[in-house]
Amino acid sequence: MGSKYTRWYTEEFRRDAIALVGSSGETVTAVARELGISSESLRGWYRKARADRGEGAPGELTGAEREELRRLRKENREQQQTIEILKKATAFFVKENDR
């Protein structure tokens with residue numbers, strides 16, 4: 001969770017800021033200062049946008065890949081919980097059968 005000082009920007013604002021970095025020829029820091037936002041925020045948005053266009057560093061995930069990874073991790077966690085429940089149920093019924 002962010003602090004109480006975290007600002008949220010609209011998707012349109014982010015797109016415009018990223019486009020400004022790409023078209024102005026200025027550094028990310030200069031554009032961020034111009035817009036009155038954190039240079040680290042703008043740098044992160046710009047890096048993710050480049051990765052989504054396939055221009056990122058080798059091995060860097062696109063937004064779709066990050067979302068799929070998040071979904072698969074959640075699904076994996078749920079399946080692990082189901083397996084644990086089934087193991088406990090099996091042990092219970094084996095114990096009941098032995099009586």
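**Exercise 1.** List the buried residues of helix 3 and state what covers them.

Solution. Buried means under 20% relative accessible area with a 1.4 Å probe, protein chains only. Helices are DSSP runs of H or I with at least four residues, numbered from the N terminus. In helix 3 the buried residues are L42, G44, W45, A49 and A51. Their cover includes helix 1 and helix 2.

The model is predicted: local features need pLDDT of at least 70, side-chain atom pairs count only at pLDDT 80 or more, and totals for chains, interfaces and linings use all residues. Residues are numbered from 1 along each chain as its sequence is written, and side-chain values use heavy atoms, with hydrogens and water left out.

**Exercise 2.** Compare the span of helix 3 with the expected one.

Solution. The expected span is 1.5 Å times one less than the number of residues. For the 14 residues of helix 3 this should be 20 Å, and the end C-alpha atoms are 20 Å apart, so the two agree.

**Exercise 3.** Which residues make up the largest nonpolar core, and which helices supply them?

Solution. A nonpolar core is a set of buried Ala, Val, Leu, Ile, Met, Phe, Trp, Tyr and Cys residues joined through side-chain atoms within 4.5 Å. The largest has eleven residues: Y9, A17, I18, V21, V28, V31, A32, I37, L42, W45 and A49. At least two come from each of helix 1 (11–24), helix 2 (28–35) and helix 3 (39–52).

**Exercise 4.** Find what Y9 touches beyond four places in sequence.

Solution. Contact means heavy atoms within 4.5 Å. Y9 touches R14, I37 and W45.

Conventions:
Buried < 20%, exposed > 50% of the residue type's maximum accessible area, 1.4 Å probe, protein only.
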